[in-house]
Amino acid sequence: MYDAGAKAEGEDDVKNDRDIETLSTRLVYENRWMRVREDVIRRRDGADGIYGVVEKPDFVVIVPVEQGGRVHLVQQFRYPVGARYWEFPQGSWELSPEADPLEVARAELREETGLDAAEIVHAGHLFQGYGYATQGYHIYLAKDLRRNEAARELEEQDLVTRAFDLAEAEDMICQGVIKDATTVAAVGLLRLKALL
């Protein structure tokens with residue numbers, strides 16, 4: 001069992017609130033969805049350097065599971081990588097970053113799939129890529145699903161949704177058909193917690 005008090009290899013007894021001190025920061029780029037800043041930093045040994053940091057609000061990923069165990073995935077064109085991929089529904093309210101993640105999860109589920117869930121369970125919070133970004137995400141399991149009408153945003157007009165047997169979805173992960181790290185992490189966390 002994990003021992004939170006155990007020291008990692010190479011960890012010393014230095015009591016320091018921050019291993020890296022921020023000397024200055026400047027905004028490099030900003031739009032509705034993100035900010036990019038560059039920080040001049042000083043490491044513990046006194047060496048200076050820079051860090052590029054992407055600031056984005058947290059998002060939610062929802063794993064919608066039918067009574068028989070089928071999961072709902074969505075597929076859309078992902079512009080940065082130039083291809084369509086299957087993934088679990090996910091999203092954020094970038095104009096309301098303080099919104100309750102559960103409320104965001106319910107809304108994103110309906111928006112992307114047309115489904116409502118009588119029960120939504122919070123499974124955990126992970127970071128998207130904490131080596132370069134502040135963004136994290138909340139993982140929700142949605143159960144007792146009811147069909148409603150999707151309300152997609154302009155950016156989601158190409159989105160399609162379909163239910164898959166869980167074994168098929170896991171095979172899609174193993175075969176590299178599903179490449180979304182958030183989707184893979186959600187399956188892993190829910191499996192480890194015996195929720196899926």
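Student: What makes R37 the partner of L27?
Tutor: In this predicted model, a bridge links L27 to R37 of β2. Strands here are DSSP runs of E with at least two residues, numbered from the N terminus, and helices are runs of H or I with at least four.

Student: How do you know that β1 and β2 pair?
Tutor: Pairing takes at least two bridges found by DSSP between two strands. Nine bridges join β1 (residues 20–30) to β2 (residues 35–43), and the two run antiparallel, so they pair by that rule. They make a hairpin with four residues between them.

Student: Why is A194 called exposed, and D144 partly exposed?
Tutor: Exposed means over 50% relative accessible area, buried under 20%, and partly exposed in between (1.4 Å probe, protein chains only). A194 has 67%, so it counts as exposed; D144 has 45%, so it is partly exposed. A194 sits in the segment after α3 (181–192), while D144 belongs to strand β9. A194 has a positive phi of about 55 degrees without being a glycine, and D144 also has a positive phi of about 55 degrees, again not as a glycine.

Student: How do you know that α1 has close to its expected span?
Tutor: The expected span is 1.5 Å times one less than the number of residues. Helix α1 (residues 101–113) has 13 residues and reaches 18 Å from first C-alpha to last, close to the 18 Å expected. After α1 comes G114, with a positive phi near 75 degrees.

Student: How are residues numbered, and what confidence is needed?
Tutor: Numbering starts from 1 along each chain as its sequence is written. Local features need pLDDT of at least 70, side-chain atom pairs count only at pLDDT 80 or more, and totals for chains, interfaces and linings use all residues, while side-chain values use heavy atoms, leaving out hydrogens and water.
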